[in-house]
Amino acid sequence: MTNIYRHIGRYTLMLVNVFTRPEKRKLYRKLIIDEIDKIGIQSLGIVALLALFMGAVVTLQTAANIDSGWIPKWTIGFTTRQTMILEFSSTIVCLILSGKVGSNIASEIGTMRITEQIDAMDIIGVNSASYLVLPKIIASIIIFPFLVIIAMACGITAGALIGTSTGVISLTDYEYGLTYSFEPFQVSYTLIKSVVFAFIITSVSSYHGYYTKGGALEVGQSSTRAVVYSIILIMISNYILTQLLLL
Amino acid sequence: MIQVKDISKSFESNDVLKNITIDFHPGKVNFIIGRSGSGKSVLTKCIVGLMEVNKGEILFDGRNFTAMDRWDRRGIRQEMGMLFQGSALFDSMTVEENVMFPLKMYSNMTKQEMQARVDFCLERVNLSGKNKLFPSEISGGMQKRTGIARAISMNPKYLFCDEPNSGLDPETAIVIDNLIKEITYEFNITTVVVSHDMNSVIEIGDFINFIYKGEMCWQGDRSQILRSDNDILNNFVFPSEFMKEIKDVLRRER
Ligand SMILES: Nc1ncnc2c1ncn2[C@@H]1O[C@H](COP(=O)(O)OP(=O)(O)OP(=O)(O)O)[C@@H](O)[C@H]1O
Ligand SMILES: [Mg+2]
């Protein structure tokens with residue numbers, strides 16, 4: 001239990017360092033653009049791919065389950081929309097990104113720690129926590145919502161394509177389902193979640209990398225831990241945010 | 001001048017440094033020597049503030065570094081250069097970007113001025129033309145020299161070198177030693193070298209501090225080290241029978 005308090009303490013301390021007295025603004029612009037590329041653009045493919053298949057599967061599954069005739073066809077479009085917007089695009093996509101982005105960040109920063117590159121920065125007088133972590137946090141907060149929007153679009157489109165091409169639903173029914181009792185706030189809810197998850201993934205992973213001790217083995221452990229902790233925190237905050245925002 | 005006053009450092013129950021007092025002199029190559037595990041690296045890390053001391057203080061030209069918070073320390077940090085044992089080059093940056101990094105962060109130079117300074121530093125360590133290579137593409141000795149170039153790019157007043165020639169062949173080691181000596185004299189730097197390489201100690205050491213099991217055991221210059229009566233020091237300097245014979249010859253000459 002004391003372990004958890006120590007983690008929370010050090011994590012908070014790191015965040016304080018990240019946000020106090022950063023280096024020159026001008027330097028950060030290039031770093032942030034680099035990170036947007038690394039964290040965001042390079043994850044585009046996997047996010048789109050997952051969303052396409054997920055949209056298709058949800059559509060087919062719903063179709064298979066409403067064979068009774070009591071339930072109208074447009075429910076398929078409705079269900080695909082709700083699934084994609086409410087949970088898949090933010091939570092599931094971010095869980096997957098925590099594996100890809102989180103382990104990447106933790107091992108990058110962890111390697112810099114064990115090869116004394118972070119000490120070298122500190123000696124130069126650079127606020128290493130801020131220099132290394134802040135661009136990643138900002139970049140992910142900027143780019144994650146875009147990834148989420150792309151995931152929504154891909155999923156819903158794939159649902160329409162598969163639904164109509166396999167003949168389980170007509171395009172008109174699907175469209176009716178998509179717009180049925182649509183609340184724009186649900187999109188905001190998902191975008192808010194994605195920003196929170198972006199912060200969790202980058203800051204938690206950076207934390208585990210930044211406090212790595214030892215050698216290559218420990219870098220591996222840090223990156224595993226980064227992913228596990230990110231996932232746990234995402235799930236907890238998903239629950240809290242849903243209660244706060246939707247009820 | 002760096003004054004280390006009566007510092008102690010322990011990890012849990014392990015007392016690594018005990019009441020160490022040293023003066024490091026400007027324009028001189030000051031050595032810290034000692035057996036493996038005697039606390040040399042810990043001492044260096046305490047001096048530069050990568051570790052906090054439990055007791056005592058460290059003054060940089062009269063400025064109490066120990067009492068400063070981390071933001072005030074940044075001012076003094078910018079006057080320091082450090083060569084790490086493993087070079088610690090930023091491996092996402094080229095040789096040139098590594099050397100330019102401190103300038104980008106803290107100087108008000110224009111791009112051309114920075115480039116000129118980088119070229120000068122690389123020239124100084126015989127690495128002209130290697131600007132665009134990455135650390136993984138150059139040899140260990142070149143990495144050390146890049147590390148030195150980065151350490152001197154901001155014109156430091158204090159230079160720290162942790163085992164600058166460990167893992168290098170004897171000839172390259174001498175090149176690095178001489179480089180350290182030359183820039184120390186040329187720019188009047190207070191240089192601190194950690195080493196257990198007796199060759200470089202005799203070659204370039206102006207002041208030598210011998211640490212034994214975390215305590216200051218012997219201090220002196222390089223002519224004194226060969227003629228000392230301190231048994232612990234002698235065992236370190238002349239570890240083999242062959243070396244002991246050399247010692248006896250030196251004795252007789254005296
Ligand atoms: N971060 C740390 N935590 C706990 N103990 C440490 C730490 N760093 C060093 N020590 C201990 O301090 C002692 C001195 O270590 P140090 O690295 O200073 O030796 P050294 O003189 O530099 O040796 P070498 O010549 O092999 O580099 C060792 O017993 C080591 O176990
Ligand atoms: Mg050492």
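**Notebook: two contacts of chain B**

**Entry 1, chain B against chain A.** I looked up the buried area first: chain B and chain A bury about 2,000 Å² between them, with carbon and sulfur atoms giving 60% of it. I note here that the model is a predicted one. On the chain B side, W71(B), F90(B) and M105(B) lose the most area to chain A, and together they make up 27% of what that side buries. I then took the residues in contact, which are 25 from chain B and 20 from chain A.

**Entry 2, charged and polar pairs between the chains.** How many salt bridges does the rule find across the interface of chain B and chain A? I found one. K45(B) forms a salt bridge with E116(A), and the closest N and O atoms are 3.7 Å apart. That distance falls inside the 4 Å limit for a salt bridge, so the pair counts. For polar contacts between chain B and chain A, I noted five residue pairs, both residues at pLDDT 80 or more.

**Entry 3, what chain B brings to chain A.** I listed the elements of chain B that give two or more residues to the side touching chain A: α1 (40–48), α2 (70–77), β6 (80–83) and α3 (95–106). Of the elements, α3(B) gives the most to this side, with five residues. I sorted the residues of the side by class and got 14 nonpolar, four polar and seven charged.

**Entry 4, the domains of chain B.** I turned to chain B by itself. Domain 1 takes in 2–79 + 158–252, and domain 2 takes in 89–155. The contact between them uses 15 residues from domain 1 of chain B and 13 residues from domain 2 of chain B. I read the separation of their C-alpha centres as 26 Å. The area buried between these two domains of chain B is about 1,200 Å², and 67% of that comes from carbon and sulfur atoms.

**Entry 5, pairs between the domains.** I looked for salt bridges between domain 1 and domain 2 of chain B and wrote down two. Which residue meets R124(B) in a salt bridge? I found E186(B), at 3.0 Å from N to O. Across the interface of the two domains of chain B, three residue pairs are in polar contact, both residues at pLDDT 80 or more.

**Entry 6, the domain 1 side.** Helix α6 (residues 170–187) of chain B gives the most to the side of domain 1 that touches domain 2, with eight residues. By class, I noted eight nonpolar, three polar and four charged residues on that side of domain 1 of chain B.

Definitions and conventions:
Residues numbered from 1 in each chain as written. Chains lettered and ligands numbered in written order. Predicted model: local features only at pLDDT ≥ 70, side-chain atom pairs only at ≥ 80, totals over all residues. Heavy atoms only, no water. Domains from an automatic or database assignment. Contact = heavy atoms within 4.5 Å. Buried area = accessible area lost by both parts, 1.4 Å probe. Salt bridge = Lys/Arg side-chain N within 4 Å of Asp/Glu carboxyl O. Polar contact = N/O pair within 3.5 Å; in protein donor to acceptor, adjacent residues only side chain to side chain. Helix = DSSP H or I, 4+ residues; strand = E, 2+ residues; numbered from the N terminus. Nonpolar A, V, L, I, M, F, W, Y, C, P; charged D, E, K, R; others polar.
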